[in-house]
Amino acid sequence: MNEALFKKYNVPVPRYTSYPTANEFEPFDAHRYLKAVETSNDAAADNISFYIHVPFCRHLCHYCGCNSVAMAQPKRIEEYFETLHKEIDLLLPHLRKDRRISQIHYGGGSPSSMPLPLIRGINEHLLSAFSTIDKPEIAIECHPGYLESNDWQYLLDSGFNRFSLGIQDFNTDVLSTVNRRPSLLPVADIMEILRKGGAKVNFDFIYGLPKQTTTEFVSTIQTAISLHPNRLVTFSYAHLPSLFKRQMILEKAGLPLQTEKLKMFEEASKMLQSAGYVPIGMDHFVLPDDDLNVALQHHTLHRNFQGYCPRRITAQVYAFGVSGISQLDAAYAQNTKDISAYMAQVNAGQMPIQRGYALVPWQRITREVIECIMCNNAINWHDMAQRLHVSVGEIKQAIHYNEAELQTLQADGLIAFDADSVEITPDGLPFVRNVAAAFDPMMRHNHRLFSKPV
């Protein structure tokens, strides 16, 4: 990567897991949320995606920026899951019964660290309420440090067909420094169990942590390649200690220089592509036959808070649990981040909504533009206009189209564009967030806190 480009573009910009970003959310209430839910029944994309947030972790990793808390007493955990069931029952009457589930996703925290029958019970509750599309994705984020062989099999028997293993690094010194427990079983043994069960497997890694070097991270990626997961994700560590106080511990341990961090990403990317993996978006690498690559080739890749997904399973997201964010056709709504408040509100028969955002028409257009560039690395203005039933002029007016800004990006080698289209170049892929920001009118005078791309 050109060092001058790195210095110029490795600046804080939104991750664009939503548009507008969660930083823009404002006070919202249950009445507005349920009105948006009922409106969502008539949206063009009417499949259902459920997200369940489980905030508890047996140990809190120092790098974590998620809404997670230390493991509670067993009774408290059971009460939390009872509350999840009640929240589901509060929402279900507002959803049209002929809609179908295309995706269920568990995140956290460490959902796999919970008593697994509690997880299975949520699946059964949701799957008993709706039919599913053919081959829905039932996914769970797993901390492999606590699961025995029979636990992995139990999750398979509970209906899960995609597993994201939060490995983060194979180097135990790195894991010890960031307070993360290594895998209880050899990862090769886990892979054998899950493959026999017909599941797809993702590996998640973080680069930019203390004690990581390019040589060390290359070794981790080489080990990962030998295990042949379906997808591999290399997350850039986002150091924001002003927001996440635990991260201050890592400053004492010493973070790698930005130049070293860049080399980790570059070498990992080269190795993965040499091994046959295809880059997706900013940080995903997938096997050629993976659904994400097939969607990319057809320019039908999508993205939500749970990650990249093909339009086949794309759906509006209805979230349950503390801090969960519902991602609907015309609105976002986030549950309270306080567990006690969450449980009290739901047990009182109230939806626990605290923040959200209702999109106006120009923002819905901008969302489509940003999602298209973030996922598919290209925009054809005429194709998008046809799909949105608007004119090209209306799209460009919504995003405050600035040709001079695009000319700068093109001169720097990040994009190629003309009057009809924009395309990210290979050199521009690490900075796709910067390109997306060029189409975001809300970034013109935005001073909120974001992370760097690399």
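The following exercises, each with a worked solution, concern the two domains of a predicted model and two of its residues.

Residues are numbered from 1 along each chain as its sequence is written. In this predicted model, local features need pLDDT of at least 70, side-chain atom pairs count only at pLDDT 80 or more, totals for chains, interfaces and linings use all residues, and side-chain values use heavy atoms, with hydrogens and water left out.

**Exercise 1.** State how the protein is divided into domains and how far apart their C-alpha centres lie.

*Solution.* Step 1: domain 1 comprises 1-16 + 361-453, and domain 2 comprises 17-320; these bounds come from an automatic or database domain assignment. Step 2: the C-alpha centres of the two domains are 26 Å apart.

**Exercise 2.** Describe the interface between domain 1 and domain 2 by its contacts and its buried area.

*Solution.* Step 1: 32 residues of domain 1 are in contact (heavy atoms within 4.5 Å) with 28 residues of domain 2. Step 2: the size of an interface is often given as the accessible area lost when the parts come together. Step 3: the buried area (accessible area, 1.4 Å probe, lost by two parts on being put together and summed over both) is about 2600 Å², and carbon and sulfur atoms give 57% of this area.

**Exercise 3.** Identify the salt bridge between the domains.

*Solution.* Step 1: a salt bridge requires a side-chain nitrogen of Lys or Arg within 4 Å of a carboxyl oxygen of Asp or Glu. Step 2: the count between domain 1 and domain 2 is 1. Step 3: glutamate 371 forms a salt bridge with arginine 311, and their closest N and O atoms are 3.2 Å apart.

**Exercise 4.** Explain why phenylalanine 25 is classed as buried and proline 426 as exposed.

*Solution.* Step 1: buried means under 20% relative accessible area, exposed means over 50%, and partly exposed lies in between (1.4 Å probe, protein chains only). Step 2: phenylalanine 25 has a relative accessible area of 7% and is therefore buried. Step 3: proline 426 has a relative accessible area of 70% and is therefore exposed.

**Exercise 5.** Relate separation along the chain to separation in space for phenylalanine 25 and proline 426.

*Solution.* Step 1: phenylalanine 25 and glycine 356 are 331 residues apart along the chain, yet their C-alpha atoms are separated by 4.9 Å. Step 2: not counting residues up to four places away in sequence, phenylalanine 25 touches several residues, among them Gly356, Phe305 and Tyr332. Step 3: proline 426 and proline 74 are 352 residues apart in sequence, and their C-alpha atoms are 50 Å apart in space.
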